[in-house]
Protein chains: 2
Amino acid sequence: MTEIIRPTFVVDKEICLRNIERMAKKASENKMRFRPHFKTHQSAKIGEWFKLFDVDAITVSSVNMAEYFATNGWKDITIAFPVNVLEITNINRLAANIKLNILVENLDSAQILIKKIRYPIGIYIKIDTGYNRTGIAPSKTGIIENIISCFSQNKKITLKGFLTHTGHTYQARSTNEIFSRHFDALLKMKSLKQRFKIDFPKIEISMGDTPSNTLCTNFSDVDEIRPGNFIFYDLMMENLGVCDYKDIAVRMVCPVVAKQLSRNEIVIYGGAVHLSQDSIANIDGKRMFGRIVIQKDGEKKLLPPLNYVARLSQEHGILKVTQAQFKNFQVGDLVEIIPVHSCLTANLAKKYLTTDGEEILTVNS
Amino acid sequence: MTEIIRPTFVVDKEICLRNIERMAKKASENKMRFRPHFKTHQSAKIGEWFKLFDVDAITVSSVNMAEYFATNGWKDITIAFPVNVLEITNINRLAANIKLNILVENLDSAQILIKKIRYPIGIYIKIDTGYNRTGIAPSKTGIIENIISCFSQNKKITLKGFLTHTGHTYQARSTNEIFSRHFDALLKMKSLKQRFKIDFPKIEISMGDTPSNTLCTNFSDVDEIRPGNFIFYDLMMENLGVCDYKDIAVRMVCPVVAKQLSRNEIVIYGGAVHLSQDSIANIDGKRMFGRIVIQKDGEKKLLPPLNYVARLSQEHGILKVTQAQFKNFQVGDLVEIIPVHSCLTANLAKKYLTTDGEEILTVNS
């Protein structure tokens, strides 16, 4: 790490491969398609790591990301974001070249799409299983029927199935709650499949969120999973009981620039533009933006929870540390910060570095 | 705006020029150098707008930004961030080519710098006037003397003065508090200048924060101001009473992708990766990530405060709107979001668009 002089997003490839392998195995054991969400890493190079586990279908969250991965050889992409009809030209261009699936959750979009789609495209109907962000409530089968019947007017459009993101597992207060929210979502999706498979025998269920995809074991009738965060994991996932520290594959490595003895604070070059502003509550009830790993006696050491990233401004990070740890920081040192939310931290990095020193470019490079 | 199909950061050049002119005038009337902070816009093109008002010295917050602006013709740059000694090679390279000032706030850095600085460089000592982020307390004149005497060992190094960022004006609860915090900081800086000008007759005071630089009028003995945010302003500044809505020069323009009638929510394509996660408390006590401007009857209309950006995920923004406004949003519309913190929102944009349709590149392009 001696060549790092600025805040640098560092990825441990070995941990990533282990995380991918575990999820690929779970998908295959449950006879599900593994369609990982690439919004977490947004990198063509990291995409290649998935091919080692026979992944050939992916999920992204924007047309822009779909264009990037299509350019990098991916031929089967689902854009898991309510279709933005203003991007119809780009969507048609993609659909002309790859197997493209898009997400629809309202009749307004459906009515625009049937007039404007020019190439074969798959449609998933977005179902809201309780996260209350987007999607149609599973009880509203009338709206779902209207959308399906609307799509029947354009032969280029194929109904693929129902898709949900059980995002409220991220807000669970226990792993039990993750299980119950997943199970509740599963039942809702199964009942929809049951109802519509009479007319559409090949209709699918697609589910995807890292907490339930990691922890849960009941995926009966589920055709595909789309987890994203699991490749890196982060403090939020550790805090939820979804992963261990040893599963977290990423660090923001930051230089120490100042020490404030009177406040037991260490100032690092590494702020909101590097880490993102996602926080979780620390054990002292305060907002925490990252945990700290230092090099001590030739070994890496995760500092106890009362040492943490306590405040961020644009380029500054302020570490609150205990009196005992204060002396372990020197101006010019590099410290490793475990990010709270790896997806947003990765998005801010122009490029990554692997622990082996390999540079990794992304859609943001 | 008909060509916008994705979340786009739009800048009103006319408002920017008005904001720059006002601040340049204030600096000139108070006989201060106007050294604007370019971390807000991070754009060479927008930098040119400052030249219309005879600005030839600037502030940045990283070596990387200094390199970018030096490449774009700026010859007098202060890096207003505690010097990161790991970047010494880059700092020397810059100092060889332009008038460079760096910031020092501890003896550790000073001791490294005297050994490694190879080209003429200016030093500002960072003073903490109450923000409690970085800097030396003004009462600790012993440490300041030690640092100054350390620097006397390297003839390439010139002590320029004392620099502070009265960042706690951002946390003021009234404009009165902005005045009193500025005045308190001013007194502290003046007493330092008084004390050290016997030995250093040319020693300067540099202050810079948008709230006090905009509102306050007492700058006696201040040699330079370094505001940054004022070129764009934002909701945080409006909320503090620092600017009016008509002074806010930027919008994130976002497509509407879904409507959730049961919750009076509108879903836009525009999330944490576009707006940043900075929030302020709305009048209903909830976190608010942006205010909404819509096009209605051919006119732009700022919606009342109970219509606002209430939640963000990576790419989604959720607008809470009143029942009366709900019908004014249609899938495929573009809405304008006034950002809470324009610096962080601008940093996330790869490029900007002016209201005249001109594309603007930045250090992140």
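The exercises below work through the domains, the chain interface and the salt bridges of a predicted model.

Residues are numbered from 1 along each chain as its sequence is written, and chains are lettered from A, with ligands numbered from 1, in the order in which they are written. Local features need pLDDT of at least 70, side-chain atom pairs count only at pLDDT 80 or more, and totals for chains, interfaces and linings use all residues, while side-chain values use heavy atoms, without hydrogens or water.

**Exercise 1. Describe how the two domains of chain A meet.**

Step 1. Find the domains. Chain A splits into domain 1 (13-232) and domain 2 (245-361). These bounds come from an automatic or database domain assignment. The C-alpha centres of the two domains are 33 Å apart.

Step 2. Count the contacts (heavy atoms within 4.5 Å). Domain 1 of chain A brings 19 residues and domain 2 of chain A brings 16.

Step 3. Take the buried area, which is the accessible area (1.4 Å probe) that two parts lose on being put together, summed over both. For the two domains of chain A this is about 1,300 Å², with 51% on carbon and sulfur atoms.

Step 4. Look for salt bridges (a side-chain nitrogen of Lys or Arg within 4 Å of a carboxyl oxygen of Asp or Glu). There are two between the domains of chain A. D247(A) pairs with R22(A) in a salt bridge, with 3.4 Å between the closest N and O atoms.

Step 5. Name the elements. Helices (H or I, at least four residues) and strands (E, at least two) are DSSP runs, numbered from the N terminus. On the domain 1 side, α1 (13-29) and α2 (44-51) of chain A each give two or more residues. The largest share, six residues, is from α1(A).

**Exercise 2. Describe the interface of chain A and chain B.**

Step 1. Count residues. In this interface, 58 residues of chain A touch 58 residues of chain B.

Step 2. Take the area. The two chains bury about 4,700 Å² between them, and 51% of that lies on carbon and sulfur atoms.

Step 3. List the pairings. Six salt bridges cross from chain A to chain B. In a salt bridge, E87(B) meets R6(A) at 2.3 Å, N to O.

Step 4. Find the contributors. Elements supplying at least two residues to the chain A side include α3 (63-71), β4 (76-82) and α12 (342-348) of chain A. The top contributor is β10(A), with five residues.

Step 5. Sort the residues. Ala, Val, Leu, Ile, Met, Phe, Trp, Tyr, Cys and Pro count as nonpolar, Asp, Glu, Lys and Arg as charged, and the others, Gly among them, as polar. The chain A side holds 23 nonpolar, 20 polar and 15 charged residues.

**Exercise 3. Work out which symmetry relates chain A and chain B.**

Step 1. Superpose the copies (least squares on the C-alpha atoms of residues with pLDDT of at least 70 in both). A rotation of 180° with 0.0 Å of shift along its axis places chain A on chain B, at RMSD 0.0 Å.

Step 2. Name the relation. It is that of a two-fold axis.

Step 3. Locate the axis. Within chain A, Q277(A) has the C-alpha nearest to the axis, at 3.0 Å.

Step 4. Compare the surfaces. Both copies use the same surface, as 100% of the contact residues of chain A recur in chain B.

**Exercise 4. Find a salt bridge that joins distant parts of chain A.**

Step 1. Start from the total. Over all chains the count is 51 salt bridges.

Step 2. Pick a pair. E204(A) and R33(A) form a salt bridge, their closest N and O atoms 2.8 Å apart.

Step 3. Place both ends. E204(A) is in strand β8 (residues 204-207) and R33(A) in strand β2 (residues 33-34) of chain A, 171 residues apart.
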